[in-house]
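Work through the exercises below with the structure at hand, and try each task before reading its solution.

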Amino acid sequence: MSSKCPRILAIAGSDSGGGAGIQADIKTITMLGGHAMTAITAITAQNTTGVQAVDIVSADMVLNQIESVVNDIGVDALKIGMIGSADTAVRVAKYCAQISVPIVFDPVMVATSGSILSDSDTIAAFEKLMTVASVVTPNLPELEALGGRDSVLKHGCHLVVKGGHGSGHDLVDRLYSPTAMIKQVQGKRIDTDHTHGTGCTFAAALAFGLGKGMLLPEAFEQAVSFTRIAILEAPGIGRGSGPIGHQFVTNFQDSGR
């Protein structure tokens, strides 16, 4: 394991607006001190107001990207976000079953703007990815679409239930093993519209922590902390839900987290 500079491979779509997807993954992994590698599954024309167009990358090309970097550079953890197609989901899951590294699966279905990013066939293929994942990180609407907590945990993975889409002044993020809740982090809800990319950021930060060799509860707590700071530092750009402020999360590596 490259603990000094964890090698994290992000398998996800590209966000031309720079707030979510591969761009958020690269920013997060880099700010935390890792080496970010990518396999792009889709190209989106996207900004803070929505997704205007999507081109899906072929499953062959996605697998070629993965094998290219893994066979040369190696990998300490994988983060899977927008997967692009059902075929890609099945083939990536088959590949992941052959490697022994932590896998964080963020089952992206809808962008923050409300735009649909996964069709029904692709969502059905998420079953394959949950089976190989170490931990799955849906938001509350995604968790409901997956059938709820028990439906996810039956795959043998861990689960993060994120509180951002809930109601109330406080929110709670909970980490579950297949049999029990093992950690929760509670915090004040941040009053902002600029939350584009929070799910991608959290999953990438979690993958970084696991790739660095942290235990899952420790990596979970760090990922929550990094994401909350980035939300607080959002630069407030764009006419819709703006990106969070990865670039302003300074000195995080030296904070002892």
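The exercises that follow concern a predicted model, and each is solved step by step.

**Exercise 1. Describe how helix α7 and helix α8 pack, and state which classes of residue make their contact.**

Solution. Begin by locating the two elements: helix α7 covers residues 198-211 and helix α8 covers residues 216-232. Next, take the geometry, in which the axes lie 8 Å apart and the helices pack at an angle of about 145 degrees, while the crossing of α7 past α8 is right-handed. The contact draws on residues of α7 including Thr198, Phe202, Leu206 and Gly209, and on residues of α8 including Leu216, Phe220, Ala223 and Ile231. Finally, sort the contact by class, which gives twelve nonpolar residues, five polar residues and no charged residues.

**Exercise 2. Find the aromatic pairs of the structure, and say which parts of the chain each pair ties together.**

Solution. The first step is to recall that a pair of aromatic rings is described by the distance of the centres and the angle of the planes. The structure holds two such pairs. In the pair of Phe105 and Phe126, the ring centres are 5.2 Å apart and the planes stand at 80 degrees; because planes over 60 degrees apart count as edge-to-face, this pair is edge-to-face. Phe105 belongs to strand β5 and Phe126 to helix α4, so the pair ties together parts that are 21 residues apart in sequence, and both residues are buried.

The other pair consists of Phe202 and Phe220, which are also edge-to-face, with 6.3 Å from centre to centre and 85 degrees between the planes. Since Phe202 lies in helix α7 and Phe220 in helix α8, this pair ties together parts that are 18 residues apart in sequence. Phe202 counts as buried at 4% relative accessibility, and Phe220 is buried as well, at 0%.

**Exercise 3. Which residues of helix α3 are buried, and why do they lie on the same side of α3?**

Solution. Start with the list: within helix α3, which spans residues 86-96, the buried residues are Thr88, Ala89, Val92, Ala93, Tyr95 and Cys96. These residues cover an arc of only 160 degrees around the axis, and therefore they are on the same side of α3. To complete the picture, look at what covers them, which includes β1 (7-15), α2 (59-72), β4 (77-80), β5 (103-105) and α4 (120-132).

**Exercise 4. Decide whether His246, Leu143 and Asp170 are buried, partly exposed or exposed, and name residues that each one touches.**

Solution. The cut-off needed here is that a residue is buried under 20% relative accessible area, exposed over 50%, and partly exposed in between. His246, in the segment after α8, has a relative accessible area of 0% and is therefore buried. Beyond its neighbours up to four places away in sequence, His246 touches residues including Gly19, Lys27, Met31, Thr201 and Phe226.

Leu143, found in helix α5, is at 10% relative accessibility and so counts as buried. With residues up to four places away again not counted, Leu143 touches Pro138, Gly148, Arg149, Val152, Leu159 and Val161.

Asp170, in strand β8, has a relative accessible area of 32%, so that Asp170 is partly exposed. Leaving aside neighbours within four places in sequence, its contacts are Gln186, Gly187, Lys188 and Arg189. As a last step, consider the distance to Arg189: although Asp170 and Arg189 are 19 residues apart along the chain, their C-alpha atoms are separated by 5.1 Å.

How values were computed: Residues numbered from 1 in each chain as written. Predicted model: local features only at pLDDT ≥ 70, side-chain atom pairs only at ≥ 80, totals over all residues. Heavy atoms only, no water. Axes fitted to C-alpha atoms, helices over the stretch in contact; angles between N-to-C directions. Helix = DSSP H or I, 4+ residues; strand = E, 2+ residues; numbered from the N terminus. Left-handed = near helix turned anticlockwise from the far one by under 90°. Contact = heavy atoms within 4.5 Å. Nonpolar A, V, L, I, M, F, W, Y, C, P; charged D, E, K, R; others polar. Buried < 20%, exposed > 50% of the residue type's maximum accessible area, 1.4 Å probe, protein only. Arc of directions from axis to C-beta. Phe/Tyr/Trp six-rings, centres within 6.5 Å; stacked < 30°, edge-to-face > 60°.
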